[in-house]
Structures are given as C-alpha cells and as structure tokens.
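User: Could you take a close look at one part of this protein for me? I'd like to start from a single charged pair and then see how it fits with the rest.

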Amino acid sequence: MNTPNIAQEDILNAFNYRHATKEFDASKTLTDEQINFILKTANLSPSSFGFEPWHFVVVQDKELRELLKPVAWGAPLKLDTASHFVLGLSMKAPMVKHDAAYIEHMMKDVKQMPEDVIEMYSKFYREFQERDFNLDSDKKLFDWSSKQTYIALGNMMTAAALAGIDSCPIEGFHQEQAEALLREKFGVDTDKYGLSFMAAFGYRKADPEFPKSRRPLEDIVTWK
C-alpha cells in the first residue's frame, strides 16, 4: 500500500475552509460517489479496541426529514437545504458490554481472531470496562460508544472539506424525543442504539460572515 502524500498546507487549508454551514445551496447535490466516499471514511475510522460501535442512517426521504424538525431545533434549515443528512447512532450497553454477542462477533467473524487471541482480548476488554474506565452503567457505556462515533464524525467532516464539500455537525435535538421518533418511524432498535449526533452535508449557500476564530496554539498545548 502506497504511503499517502498530501501536502500539509492542503490539509490545513481544508481545516480553515471547513465551517459549520448553517444553510446549504439546495440546488446542489452530492453524487453517489461523493457521499459514499464520505461514508467510507467513517467506515475506516479508528475506534477503541476496533469494535466500531456505530451505525449511520442517511435520511433522504423528505417526509422523514420533516418528522425530524420538531425534535431537532438545530436542524430545520439544514434538513430543508442539505444534500445529504446523516444520523450518527452509537451502540448501547447490550451491544458493547464485554460479554455481548456483538463483541464476540467482531472478534470471531470480522477480525477473525484465533481462539487464544479472543480469550486474551476479551480479558483485556473486560478489565478496561470494569477497572480502567469504570464503565459500570448503561449511560457510561453509551457515552463511551458516542466518543468513538464522534471520531467517525470528525473524519467525515475533514474528508468532506478536503473534497470541497461542506458540512455541519448538529447536537441541537431532544435526545429522548428524537429516539422515540427513530423507533416509531425509522425502524431503529433504540434498545441497541442511541442518537449521538446529526450531520448535514452539501454545498454552502454563502461564505461565513465572520472569519474562523480559534485560541492561539500556545494556549491549548503544553510541552514537557
């Protein structure tokens, strides 16, 4: 496999270009190739223990987008104008607890680990949950899954920016009401999955009104 050779300046230009797009140009849409490229970067994203505790729902149906508006106060304009709208789901405790069937499936069928490696890996994962990170409640386990799913979100937005595609991450929603809607109208098993974020992709209608502002690098980095 060839080593990627992307100029650092091009990467930083993409980060400077990216912004939380409030309104998209509804006349412009991504091709199937473009959205699949973005989703593939989620698929290739790293996760703790490599267990990929996520699922992504791409909402293109206009009626379903309308149903999301009352439970997502930060999304209506994006739902109306974005080319593609993605729901980031994270696995709940029954899926990611150390003795869950999904975890065994990942080790045995996806990673194809030998039995002795599975035994060792399972021991490490159990100790990680019970001792190292104290993931001793359903909420803690979902929050841990969400941390992993956010890695995929960051990679999707960065990949989009590198390709000249705009995006907007959205947490402006009522989680309980949104999950009830996903259960009733989207066919999501909310015993297994919870909603971590929404994300819109497309092309900006206008450039940002204000330049990007960040704290100086020396304020956020300490060298020892």
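Analyst: Happy to! Let's begin with R204, which counts as buried because its relative accessibility is 13%, under the 20% cut-off. Please keep in mind that this is a predicted model. The side chain of R204 meets that of D207 in a salt bridge, with 3.6 Å from N to O. The partner sits on the other side of the scale: D207, at 61% relative accessibility, counts as exposed. So this salt bridge joins a buried residue, R204, to an exposed one, D207. As a general point, side chains of opposite charge can pair when their charged atoms come close.

How many salt bridges are there by this rule? The count comes to twelve, and a few others are worth setting beside the R204 pair.

Take E179 and K92, whose closest N and O atoms are 3.2 Å apart in a salt bridge. E179 belongs to helix α9 (residues 175-185), while K92 is in the loop between β2 (84-91) and α5 (93-96), so this pair ties together parts that are 87 residues apart in sequence. Here both partners, E179 and K92, are buried.

R126 and E130 make another kind of pair. Their salt bridge also has its closest N and O atoms 3.2 Å apart, but both residues lie in helix α7 (residues 115-132), four residues apart, which is about one turn of the helix. R126 is partly exposed at 44% relative accessibility, and E130 is likewise partly exposed at 47%. Salt bridges also link K123, E127, R131 and D132 in a network.

Moving past α7, the loop between α7 and α8 (138-162) holds N134. This residue has a positive phi of about 50° although it is not a glycine, and at 40% relative accessibility N134 counts as partly exposed. E52 is another non-glycine residue with a positive phi, of about 45°. E52 is found in the loop between α2 (32-43) and β1 (54-58), and with a relative accessibility of 24% it counts as partly exposed.

Now for the open space. The largest pocket has a volume of about 230 Å³, and 14 residues line it. Those nearest its centre are K62, R65, L79, D80 and A82. Two elements, α3 (62-68) and α4 (76-81), each give two or more residues to this lining. By character, the lining divides into four nonpolar, five polar and five charged residues.

The surface has a nonpolar side too. I6, I11, F15 and L162 form a patch there, with about 350 Å² of accessible area together. F15 is part of helix α1 (residues 8-17) and is partly exposed, with a relative accessible area of 42%.

Finally, look towards L217, which has its place in helix α10 (residues 217-220). L217 is exposed, with a relative accessible area of 60%. Its C-alpha atom is separated by 32 Å from that of N2, a residue 215 positions away along the chain.

To come back to your starting pair: R204 is the buried partner and D207 the exposed one, whereas E179 and K92 are both buried.

Definitions and conventions:
Residues are numbered from 1 along each chain as its sequence is written. This is a predicted model: local features need pLDDT of at least 70, side-chain atom pairs count only at pLDDT 80 or more; totals for chains, interfaces and linings use all residues. Side-chain values use heavy atoms; hydrogens and water are left out. Patches are made of residues with over 30% relative accessible area and no salt bridge: like charges are joined within 9 Å, nonpolar side chains (Val, Leu, Ile, Met, Phe, Trp, Tyr) within 5 Å. Accessible areas come from the Shrake-Rupley method with a 1.4 Å probe; for residues, only the protein chains shown count as cover. A salt bridge is a side-chain nitrogen of Lys or Arg within 4 Å of a carboxyl oxygen of Asp or Glu. Buried means under 20% relative accessible area, exposed over 50%, partly exposed in between (1.4 Å probe, protein chains only). On a 1 Å grid over the protein atoms alone, a cavity is a set of points where a 1.4 Å probe fits but cannot get out, and a pocket is an open set with protein on both sides within 12 Å along at least five of seven lines; lining residues have an atom within 4 Å of a point. Grid points are joined across faces, edges and corners, and a volume is the space filled by probe spheres set on the points. Ala, Val, Leu, Ile, Met, Phe, Trp, Tyr, Cys and Pro count as nonpolar, Asp, Glu, Lys and Arg as charged, and the others, Gly among them, as polar.
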